[in-house]
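Visitor: I would like a close look at one single part of this model. Could you take me through its surroundings in one go?

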Amino acid sequence: MRNAKFVLGLAIALLPSWLKLFIYRHLFGYQIGEGVRIGIAAFIGVRRCRIGDHTRIGRGNVFYLLEDLDIGSHVRLGPLKLFRGGERIPGGHYSTLMTR
């Protein structure tokens, strides 16, 4: 079962942002705001997810085995980040996490 969720998470990550948002909102029940864009980023084993308005998540990000993911509005996450395991990961409004 765990392998199936992993493969599903990777498969969804490859979809276009608009389709990914639809799937996350309607099939997974994630609360995703308006104007959100998600690059090739995998959400694997994320139980609850809230993403605020106009947030950008870059390519290569992985959110793995999280109970509660809460990303504020107008947040920018640059490429190639790994967020794994834990009860809660909060991200404040207007936060920026980029790679140099």
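Guide: Happily! Lys20 is buried (under 20% relative accessible area, by a 1.4 Å probe with protein chains only), yet Lys20 has no salt bridge, meaning a side-chain nitrogen of Lys or Arg within 4 Å of a carboxyl oxygen of Asp or Glu. The nearest side chain of opposite charge is Glu34, 17 Å away; for charge, Lys and Arg count as positive and Asp and Glu as negative, while His and the chain ends are not counted.

Before going on, a word on the basis: this is a predicted model, where local features need pLDDT of at least 70 and side-chain atom pairs count only at pLDDT 80 or more, while totals for chains, interfaces and linings use all residues. Residues are numbered from 1 along each chain as its sequence is written, and side-chain values use heavy atoms, leaving out hydrogens and water.

Lys20 sits in helix α2, residues 17-26 (helices are DSSP runs of H or I, at least four residues, numbered from the N terminus). A polar atom of the Lys20 side chain lies 3.3 Å from the backbone oxygen of Leu15, and the side chain also reaches the backbone oxygen of Ile38 at 3.5 Å. Leu15 and Ile38 appear again among the residues that Lys20 touches (heavy atoms within 4.5 Å), along with Ile12, Ala13, Gly39, Ile40 and Ala41, not counting residues up to four places away in sequence.

For a view of another spot, turn to His54, in the loop between β3 (42-51) and β4 (56-57). His54 has a positive phi of about 55° although it is not a glycine.

How values were computed
Helix = DSSP H or I, 4+ residues; strand = E, 2+ residues; numbered from the N terminus. Buried < 20%, exposed > 50% of the residue type's maximum accessible area, 1.4 Å probe, protein only. Polar contact = N/O pair within 3.5 Å; in protein donor to acceptor, adjacent residues only side chain to side chain.
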